[in-house]
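Let's take a relaxed walk through a protein model and look at its rings, charges and surface. Have the picture open while you read.

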Amino acid sequence: MSTELLAPLDLAFWHLESDAHPMHLGALAVFDPAPGVSAPQLLDLLGARAAAIPRLRMRVRDVLLPVGGAAWFTDKDFEVQRHVTRVVLPGGDFLTEAGRLAGELMEQPLGRGLPPWRMYLLDSPGDGPFAVLVKLHHALADGMRAVAIGAGIFDQIASAGAGRGAVNRRTPVPPRSWLPGPYEVAGMARERLGEVGRALGVGASVVRASRLDLRATTALAARSSGTRRLATAELDAATVQRIRRTEGGTANDVLLAVVAGALRRWMLERGGPLPGADPRALVPVSRRRPGGAATGNKLSAYLLGLPVGEPDPRERLRLVRTGMNRNKAAGPLRGAGAVAVLADQLPALAHRFGAPLAGNAARMLFDILVTSVPLPRSALSLGGCPLRAVYPMAPLARGQALAIALSNYGGRVQVGLVADGKALPDLDRLATALREELRDLHALVPTVPAPA
């Protein structure tokens, strides 16, 4: 039975969770039907492919060393049927019904005695589209790693890895020893001293970025009701690129400016005043190195004020671009986003007892999570049914009402908005505001011909 210690940041996510604040991320993948492919066949296919992914066979157990630590163990009693479920939706607009049910399913924490993931096949009574909702605990994977794990259900990835998977399943994995040898102690001590120094520097930057006045952005703050609501939007990726070529910066800068403008529209339509200070967005940044270890979360983040008080869409984009350039110049070890890096420097026992306190302090650091999730660029399918769209879903921090995740597939930017269901009952209006904001920003940008 293979074992693997939870990395410090994974352990933090594991202990941050409560019934009202489940720490799983997810995605709603929507497919077009294919002739002759039935829902029972798709359910069996999902189960078989999920069972073939080694990472999905592992669950978390406490360990004696390090004190307060936990480890991934291969679940010898693994049964994929516990994790893959079919749900038949009522009639009506499929995406609306799938989104409603996905929100309800995202409310439910993952069971801790089993490998922490679930998949749901959501289909309609007729021969229309269907969807797969995937839930993965954040301790299991960050956004990039979640994509790599979840992609194993698709025809193209499953067939490419079939040969490797057969070899890997027959290759025994030796148990890992967590006790260092005598020649490792001196090196570990030197490394630990360096980590302490880095932790002090990161901790100081996080403290400097914290704030005490939390009244400025109350529209995005909420006492958690334990409910979740999901809304989706699609943006034209070619339009985003045309704006980027004209205005400079990155496609992500354009999308962040669109989010800022949509929040401004939504806040004004609610009839209340705009916040006295720009809401802070936490923008995750992967620290995963090419060719590095595939397991564990490798994250930092940038902190960005979303300029909702600026009425000019092009000026909002300039402010976002300037802010992101400043973040990149400073690097990922400065500001509130560096709290993820700080977590990597803390001992396991600190996470076990300190994670709930850190979760309650999230509101002091940022107001909204805005993350981009990379997807494969090639066309994907499940059982021959073509993938139409993937809407990513991010977890909500304590005291916050909204998280936004974006992915790019098939020439479209798909946006998943996850909100506290009672705090933001008008989430669909915010999804519409995203489309309106991109349209109006594009109308103000001079036309630039696309490259040949």
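## A leucine at the surface

With a relative accessibility of 45%, leucine 65 counts as partly exposed, because partly exposed covers the range between 20% and 50%. Keep in mind that this is a predicted model. You'll find leucine 65 in the loop between β3 (58-62) and β4 (70-74). Leu65 also belongs to a nonpolar surface patch of about 340 Å², which is made by Leu64, Leu65 and Val67.

## Zooming out

How many helices and strands does the protein chain have? There are 14 helices and 15 strands. Of the 452 residues in the chain, 50% are buried. The accessible surface of the chain adds up to about 20400 Å², and 58% of that belongs to carbon and sulfur atoms. Now for the contacts between residues at least 6 apart in sequence: 79% of them join residues at least 24 apart.

## Rings that meet

Time to go to the aromatic rings, where the structure holds two aromatic pairs. In one of them, phenylalanine 31 and phenylalanine 130 are stacked, with 5.0 Å centre to centre and 10° between the planes. This pair links distant parts of the chain: phenylalanine 31 is in strand β2 (residues 24-31) and phenylalanine 130 is in strand β7 (residues 130-137), 99 residues apart. Are these two rings buried or exposed? Both phenylalanine 31 and phenylalanine 130 are buried.

Phenylalanine 31 also pairs with phenylalanine 154, and that pair is tilted: 6.1 Å centre to centre, with 45° between the planes. Phenylalanine 154 lies in the loop between α4 (143-150) and α5 (155-160), while phenylalanine 31 lies in strand β2, so the pair ties together parts that are 123 residues apart in sequence. Put together, Phe31, Phe130 and Phe154 form one aromatic cluster.

How well covered are they? Phenylalanine 31 has a relative accessible area of 0%, so it is buried. Phenylalanine 154, at 8% relative accessibility, counts as buried too, because the cut-off for buried is under 20%.

## Charges over rings

Rings can have other partners as well, and here are two arginines to look for. In each row, the charged end of the arginine sits over the ring.

| Arginine | Ring | Distance from the ring centre |
|---|---|---|
| Arginine 61 | Phenylalanine 73 | 4.1 Å |
| Arginine 112 | Tryptophan 14 | 3.9 Å |

Technical notes: Residues are numbered from 1 along each chain as its sequence is written. This is a predicted model: local features need pLDDT of at least 70, side-chain atom pairs count only at pLDDT 80 or more; totals for chains, interfaces and linings use all residues. Side-chain values use heavy atoms; hydrogens and water are left out. Rings of Phe, Tyr and Trp (its six-membered ring) pair if their centres lie within 6.5 Å; planes under 30 degrees apart count as stacked, over 60 as edge-to-face and the rest as tilted. Helices (H or I, at least four residues) and strands (E, at least two) are DSSP runs, numbered from the N terminus. Buried means under 20% relative accessible area, exposed over 50%, partly exposed in between (1.4 Å probe, protein chains only). A charge sits over a ring if NZ of Lys or CZ of Arg is within 6 Å of the ring centre and within 35 degrees of the ring normal. Patches are made of residues with over 30% relative accessible area and no salt bridge: like charges are joined within 9 Å, nonpolar side chains (Val, Leu, Ile, Met, Phe, Trp, Tyr) within 5 Å. Accessible areas come from the Shrake-Rupley method with a 1.4 Å probe; for residues, only the protein chains shown count as cover. A salt bridge is a side-chain nitrogen of Lys or Arg within 4 Å of a carboxyl oxygen of Asp or Glu. Contact means heavy atoms within 4.5 Å.
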